[in-house]
Structure formats: structure tokens, C-alpha cells
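Student: I would like to take a close look at a single part of this model. Please keep the answer connected and plain.

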Amino acid sequence: MTKILTGLALATVLATAACGGDSANSDAVSGAPASSAGSVGTGAVGPLTVLAAASLTEAFDKIGTDFEARNPQIEVTFSYGGSSGLAQQITSGAPADVFAAASPATMDTVVNAGDAAGAPVVFVRNQLVIAVGKGNPKGIRTLADLTRPALKVAVCAEQVPCGAAATKAAAAAGVKLTPVTQEQDVKSALAKVKLGEVDAALVYRTDAKAAAAEVDGIEFPESAGAVNDYPIVALKDAPNPAAAAAFVAFVQTESELAVLTDAGFQKP
Amino acid sequence: MIPALAGLAFLVLPLAGLLIRAPWTTLPARLAEPGILAALRLSLLTATLATMACLLLGVPLAWLLARTDFRGRRIVRALVTVPLVLPPVVGGVALLLVFGRRGLIGEWLDATFGVTLPFSTAGVVLAEAFVAMPFLVISVEGALRGADARFEEAAATLGASRWTAFRRVTLPLIAPGVAAGAVLCWARALGEFGATITFAGNFPGRTQTMPLAVYLALEQDVDAAIVLSLLLLAVSVLILATLRDRWTTT
């Protein structure tokens, strides 16, 4: 049994190494232009694995393309998912270079397990909006409108960051929400609006923006009291520490922050 | 022998992992937490109701597939296995498209009877039955094929109606197959996650079954998720072992 497991581990290592094989010549990373903070002179080459919260999908895909354009020697692979699930993968030893979480609490589990290289940096923030069907058929304007009887509302479960934010926002507004369902993540809550099963859902502004063809996002003032910080950090056991550091710096450059704000995020 | 043992180890080792990692010292306190009992009760109730629904609809369907000959039977048999192949989450979306508020049947149900299935306990039963029924149908169909059809023919020549022959002759013959199918069906319904959370949503006490509670506990606290999983495992193994004894002794 042990032999088989060792064999598997070896195969994984070989496969990982093979991915970067074609760029094994150690050209220095060109980095971002001199004007931006992302330029690094280290000789980073090869694959870079970034674990990121699902809400970062659209923005990070674009940033990844930009990063590869600046650093042709580096090949970025993203793995998107619920922040807490990703944090668990990291603390269980998954080989990854960078972690971007949707909440400081999930980042803390990685930091507390000693898996972060240095202190995480908050690079963007996200806040809630009310997602309603296109054209807002029920005429929802405020958070208090969601308490109208016969109105079906979805929120995230309190265990996930968007649910915790919803609870905070409702408390700030002095509103008692009676959702029909507490969804396991923000995309599921949004899907229930898209399918017309609920009349409204509390989702991140970025999610509403990404689904603008099917839903409208309604801003409400109380969401300012429940802003989610997104921290990013290079990981201690990163197979590619130089590229990890370069990516973390690159995400915080002006041009890439613009990509993030276009997606609906706010600067910290 | 070695492949058999390796197979067993492969199935049992993850369970051992759960047992080793379980927070035994805080176990009683964690089990006493409110909400756990509600989720367990809901799981047992919905899995049992789903199994009953599958028996009512699945046994006749299995009989149709095993005992009658009609054009397109192969296709029907393949269609029966669709829920096995379909990712459960997709199954949940498909159910929403049919039984949802704007679904083909759901819209009519809502307009005519004021019944909406999503986000209700009935919705949980529906989702579980959808995913679990193939296990029952396949198992019962296999039993029917193994049972000698001449007994039924003899009953028919002696004047029994088709229903009487089925009830008095066929059913006793295939009882072990039906029981095995029902057990598989119940176990699958008990562990159902994807279709349930997609179709019925997640609301404590109403649609939050144990697998949903486990998934959400995992978001915050791995230990809590392990405790919930062990509880679900223990209860289901206990029930299945008890039932099994009863069948073999009678």
C-alpha cells in the first residue's frame, strides 16, 4: 500500500515538473512595466497555481492572461472554489502557490496553520446588492422590501462569507429577513433568481454584474456595514515562490486593480 | 483474495480516516447541539418517504420492463438509468425546470392548487426519489428476470387475475430482490445532496437534511462535519443491520 502511495506521489511530482519543462531555461521574469509595482527581477519560470475564491473567477481569468503576457515563462493555472474549501485543501497540503480568499476568516485558517508566506494583503473589497429578475418585476427598492409577505428570498447560509455579510446587513438595517432557503454559496443563490424560483437574493455586486444579462442588482445603503475584505497571500510551501510573489504584486498594480473594479469590486 | 482485500480496504479506509480524525472528547457536546436532531429526523423521514414512493412507482415499472415486450423497451430501460448518470446538481436543475415555480408542471400546480414544491419537505422527497429510483427499478427488474414466469402463467391458467397473480405469486418470489432494491434506494436517498440542495434549497428543519448540514458545517468546522457524518453513518448502519437480520430470520 505504502509503495503504491509513494508511486502516486512521485507520478504527481513528475507530472507537475513536466508541465513546466518547456520553459526550463532560466530567463529572468520580465515582470510588469517599470512604472508598476509588479516588476520582479527573480528568475521565476514554470507553472504557477493560484487558488482563488469563486467570486474572483471573471476578474482573475483576465488578470491571469495579462500576467502570462508580461511573463511568458510562467504558466498560470487557476482553481476556483468556495474559500473555505480551498483553505482546507491548502492546510491538507495541496500544492499551490497563491491563495486569494473571499473573507479574512478563511484566510486566518491558512495563516494559523502556518501555511502562509508572510502576512496577507487585502487587495479588494466586495459588498452585497439585492439581485432581482431583469426589469425588477416586483419593484424592490430597499432591504426592507424583502420582508413583504409572499415574496420569496434566498440568502447564503451563515457559514459562508456572503451569508455572514447578509446577516450583518440585515442587522444594520433593523430588518428581519425570512428567506425560503439558505444557499451553500453565492452562485447558487444567484441561480435561484435566474431560474425564477425566488424573487430576490442577496449576492455580491460582482456576481450581479457578471450576470447582468439576466438579473438586476439593486444597491442598498446598509451593505456598506457588511463589506467583505479579500486577502491574498503567497503560500509557504509554494512550488514556485518567485512566481507566487510576482503574481501577488501584479494583482495590486493599477492596471489590474482596474480589471477588478470593472468587475464590481472596490479598492480597499 | 488480494484484490478482494484491496477492494475492501479501499472502501473502508476513508471511514477509518473519519474515525481517527473524529473529535471524540467533544463528541457528546457536539451531538447535543440544536439542529442536529432536526436534520437527522428530516433525513430519515424523507429517505423513507422517498423509498415508499419509489416502491409504488418503481416496482410496476420494473415489471413492465421485465415481463412485457414493446417497441423501444431498450430505450426505456436506458432512460430509467438517466438519474444514475446525471450529476445530481443537474438533476436538481432539471427538476426545477419541470416542478419549479415556472416549470412545465410546477406552474400549473401553483396556479391550480397553490402548491409549490421547491423549498419544501415534499421537494426533498421528490429530489431523493428521482435520484434513488433507478436503484430500485434495476434491482427489481433483475429479480423478476430471475423468477420463473411459468409460475405466473400457472396462476393465470388457474383463474387468477393479473393483479392476484402478481400479488400472491410474483411478489413473494421476488421479495428478496425488492428488499435489496429498497435498501439501496433508501441508502441513496439518505445520502442525497446535489439534487436536494438544488431543488429544495437549504432551510433548517424544513429542507436541511444531514448531507446538507454536513456540507455547510464543513465550511466552518471540519470536526463538526465529521461528527455529523459519523452520526449519519452510525444510524444508517444500525437500521440496515437490524432490517437485514429481520429478513434473514423470517
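Student: Is helix H8 (residues 241-251) of chain A mostly covered or mostly exposed, and how many of its 11 residues are buried?

Tutor: One caution before the helix: this is a predicted model. Helix H8 of chain A, residues 241-251, is mostly covered, with nine of its 11 residues buried. The buried ones begin with a run of alanines: Ala242(A), Ala243(A), Ala244(A), Ala245(A) and Ala246(A). After that run come Phe247(A), Val248(A), Phe250(A) and Val251(A), which are also buried. For the chain as a background, 47% of the 268 residues of chain A count as buried.

In soluble globular proteins, nonpolar side chains tend to be buried together. The next step is to see which nonpolar cores the model contains. The largest nonpolar core has 90 residues, and those that touch the most other members are Ile130(A), Ala131(A), Ala200(A), Ala201(A) and Val203(A). Its largest share, 15 residues, comes from a helix of chain B that is also numbered H8, residues 121-146. Another core, of 45 residues, lies apart from that one, and Ala242(A) of our helix is among its members, as are Ala53(A), Phe60(A) and Val110(A).

Phe60(A) leads to helix H2 of chain A, which covers residues 57-70. H2(A) packs with helix H9 of chain A, residues 254-262, at an angle of about 155°, and their axes are 9 Å apart. Angles over 145 degrees count as roughly antiparallel, so H2(A) and H9(A) are roughly antiparallel to each other. Their crossing is right-handed. On the H2(A) side the contact is made by Ala59(A), Lys62(A), Ile63(A) and Asp66(A), and on the H9(A) side by Glu256(A), Val259(A) and Leu260(A). By class, this contact has four nonpolar and three charged residues, and no polar ones.

The wider setting can be given briefly. Chain A has nine helices and 10 strands. Among contacts in chain A with a separation of 6 or more, 75% are between residues 24 or more positions apart. Where chain A touches chain B, the contact takes 14 residues from chain A and 15 from chain B. Two elements of chain A give two or more residues to this side, helix H3 (83-91) and strand S7 (181-183). S7(A) gives the largest share, three residues. The chain A side divides into four nonpolar, eight polar and two charged residues.

To return to the part you asked about: H8(A) is mostly covered, and Ala242(A) belongs to the core of 45 residues.

Methods. Residues are numbered from 1 along each chain as its sequence is written. Chains are lettered from A and ligands numbered from 1 in the order in which they are written. This is a predicted model: local features need pLDDT of at least 70, side-chain atom pairs count only at pLDDT 80 or more; totals for chains, interfaces and linings use all residues. A nonpolar core is a set of buried Ala, Val, Leu, Ile, Met, Phe, Trp, Tyr and Cys residues joined through C-beta atoms within 7 Å. A residue is buried if 20 or more other C-beta atoms lie within 10 Å of its own, exposed if 12 or fewer, and partly exposed in between; C-beta atoms are placed from the backbone. Helices (H or I, at least four residues) and strands (E, at least two) are DSSP runs, numbered from the N terminus. Axes are lines fitted to C-alpha atoms, for helices over the stretch in contact, and angles run from 0 to 180 degrees between N-to-C directions. Angles under 35 degrees count as roughly parallel, over 145 as roughly antiparallel, 65 to 115 as roughly perpendicular and the rest as oblique. A crossing is left-handed if the near helix is turned anticlockwise from the far one by less than a right angle, and right-handed if clockwise. Two residues are in contact if their C-beta atoms, placed from the backbone, lie within 7 Å. Ala, Val, Leu, Ile, Met, Phe, Trp, Tyr, Cys and Pro count as nonpolar, Asp, Glu, Lys and Arg as charged, and the others, Gly among them, as polar.
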